[in-house]
Amino acid sequence: MNINNHVLATQPGPAEKALVELRDVHLAFGDTEVLKGIDLFVKSGQVVSIIGPSGSGKSTVLRCMTGLVRPQQGYIRIGDTLVHKLHREREFSALRAHVGFVFQQYNLFPHLTVLQNLILSPVRVLGLSKAEATERAHALLSKVHMEQRVAAYPGELSGGQQQRVAIARALAMQPELVLFDEVTSALDPEMVGEVLNVIRDLVHEGMTCVLVTHEMRFAEEVSDRIYFTEAGRIVEHGSPDMIFQKPQNPRTAAFLRRSLGRDVDTESRFGSVCVETEIKAE
Amino acid sequence: MNNAWFTHSAVCYTLCAALLAAGLLSVATSWPEATSLLILWMPTLLSGLWVNIQISLVAMVLGTLLGLVLGGFSISPVRPFRSMVNVYVQFFRNAPALVLIYFCAYVFPFELYFAGHTFPFPDWVKVVIGLGLPASAQVAEIFRGAVQSIPATQWEAAQSLALSRIQTLRFIILPQCLRRMLPPWMNVYTAITMSTSLVSLVGVNDVVLTAGIASNSAGRTDFTILSYTALVVLFFLYCYPISRLTRVLEKRYEYK
């Protein structure tokens with residue numbers, strides 16, 4: 001893990017300005033260590049993508065941020081909230097009111113219409129009037145191009161439509177930060193684009209986003225920083241250019257090669273033999 | 001599906017009607033007196049059945065209210081609450097209905113003394129308790145099962161929208177549970193209605209006791225057969241539509 005430390009050491013200390021700060025987060029489910037010391041920073045207005053092989057703990061990192069899972073060890077701060085110190089339901093609630101979460105499986109409420117899905121929390125948690133919340137919901141639904149389906153139930157919508165509603169639902173709380181957990185992984189390929197377009201619009205508006213994604217080209221396009229995780233550790237992080245064009249770590253290169261089918265420029269640094277060995281070693 | 005439903009129901013009702021018709025026909029030709037006796041006793045039998053229906057309804061209300069309270073405890077984050085409900089549920093689900101009816105009939109006093117007044121404690125109230133207690137165990141279990149059948153992702157989504165646990169239950173979980181609970185809840189009701197046939201054993205004047213009195217006073221085998229046939233048909237006519245409706249609802253929620 002010298003590599004890990006080395007990469008961290010080369011980064012200018014962004015912690016003091018960061019909106020999100022994770023330091024040395026360790027988490028295990030029973031005997032399975034899922035996170036083995038995660039450090040991650042997100043500045044306000046930034047888009048940060050977490051990439052890496054399945055089961056490397058990417059989604060768990062997001063879940064730690066809003067307290068859906070509790071790490072055994074580590075420091076997690078969002079804004080002024082020290083998430084690792086929270087215990088009370090009201091404290092978590094106050095945090096989550098500012099942090100949107102979009103799930104892989106959309107998780108819309110199937111017994112409520114699209115509109116009801118969007119206004120429930122603004123009315124019950126933020127205390128908006130029904131009229132205000134409805135107005136806000138309509139605006140958001142037209143932003144995600146779902147204004148036609150206000151009265152539909154989630155079961156009547158396609159996966160892509162449901163996910164766009166789920167994004168609108170998260171935005172209805174007017175969060176400072178939105179976490180996207182593999183939001184296109186459950187979608188049919190032809191629906192991925194419509195959801196990515198919505199996220200792209202959001203990014204252009206300056207929303208702070210953390211994306212866990214398998215859409216490498218999209219991550220490269222929209223992100224300010226990319227974190228590459230493997231086996232519960234941050235192997236490497238940096239600008240999209242750095243990660244995608246000149247990865248420092250042979251594992252990153254091997255992963256990108258497999259998932260992009262693209263020739264990544266690593267030979268000059270490590271030599272092809274070294275990379276081959278890395279792949280075989282897995 | 002509606003068509004199949006109709007066909008199935010139609011077949012069942014036709015069979016039942018044919019059976020009844022055959023019985024009545026044979027009786028009408030060979031035992032005309034028995035038939036006229038049955039017609040004579042029918043209003044009394046029906047008022048007996050009304051007693052069964054009343055007992056089943058009150059027992060169901062009691063069982064449902066108590067069961068929902070217990071069910072609430074059974075999903076509590078506090079472990080001792082869950083354990084206590086679990087013991088209760090296991091106890092009553094494994095107790096025979098007739099034993100509970102006898103138990104309640106004898107364990108409760110004939111009269112209650114409260115604040116210097118005497119209140120009667122009628123038998124029908126005792127059997128309502130005897131039927132309501134096991135029903136409450138069933139309802140508690142149905143409730144717990146329904147809440148747990150809602151995917152954990154619904155809780156996560158609600159939490160992520162900053163809803164509290166109580167709000168999540170009220171707006172997200174319970175509305176989805178109610179639909180799922182309806183069919184098994186109706187099954188419990190049908191089972192209770194059938195069990196009300198046992199209350200005659202502790203002296204409640206229900207349809208079974210009425211049929212017994214009728215048979216004894218007539219003293220004719222053909223009439224006895226006829227009156228119990230009538231009982232089977234009466235229970236069927238009351239319970240079958242309910243269980244059909246349950247099946248329809250089950251199917252509907254399956255496809256949701």
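**Notebook: chains A and B**

I began with the secondary structure of chain A and counted 12 helices and 10 strands. I note at the outset that the model is predicted.

Next I looked up burial in chain A: 56% of its 282 residues count as buried. For the surface of chain A I recorded an exposed area of about 12400 Å², of which carbon and sulfur atoms supply 48%. I then turned to contacts in chain A with a separation of 6 or more, and found that 62% of them join residues 24 or more positions apart.

In chain B I examined helix 5, residues 123-149. What span should its 27 residues have at 1.5 Å a residue? I noted an expected 39 Å; the end C-alpha atoms lie 39 Å apart, which agrees. I also checked how far helix 5 of chain B is covered, and it mostly is, with 19 of its 27 residues buried.

I then searched the surface of chain B for nonpolar side chains. Val69(B), Phe73(B), Val78(B), Phe81(B) and Met84(B) form a nonpolar patch there, together holding about 440 Å² of accessible area. Which elements give two or more residues to the patch? I identified helix 2 (32-74) and helix 3 (79-93) of chain B.

Finally I singled out one member of the patch, Phe81(B), and located it in helix 3 of chain B. Is Phe81(B) buried, partly exposed or exposed? I entered Phe81(B) as partly exposed, because its relative accessible area is 34%, and the bounds of that class are 20% and 50%.

How values were computed:
Residues numbered from 1 in each chain as written. Chains lettered and ligands numbered in written order. Predicted model: local features only at pLDDT ≥ 70, side-chain atom pairs only at ≥ 80, totals over all residues. Heavy atoms only, no water. Helix = DSSP H or I, 4+ residues; strand = E, 2+ residues; numbered from the N terminus. Buried < 20%, exposed > 50% of the residue type's maximum accessible area, 1.4 Å probe, protein only. Contact = heavy atoms within 4.5 Å. Areas by Shrake-Rupley, 256 points an atom, 1.4 Å probe, with all protein chains shown as cover. Expected span 1.5 Å × (residues − 1). Patch = residues over 30% accessible without salt bridge, like charges linked within 9 Å, V, L, I, M, F, W, Y side chains within 5 Å. Salt bridge = Lys/Arg side-chain N within 4 Å of Asp/Glu carboxyl O.
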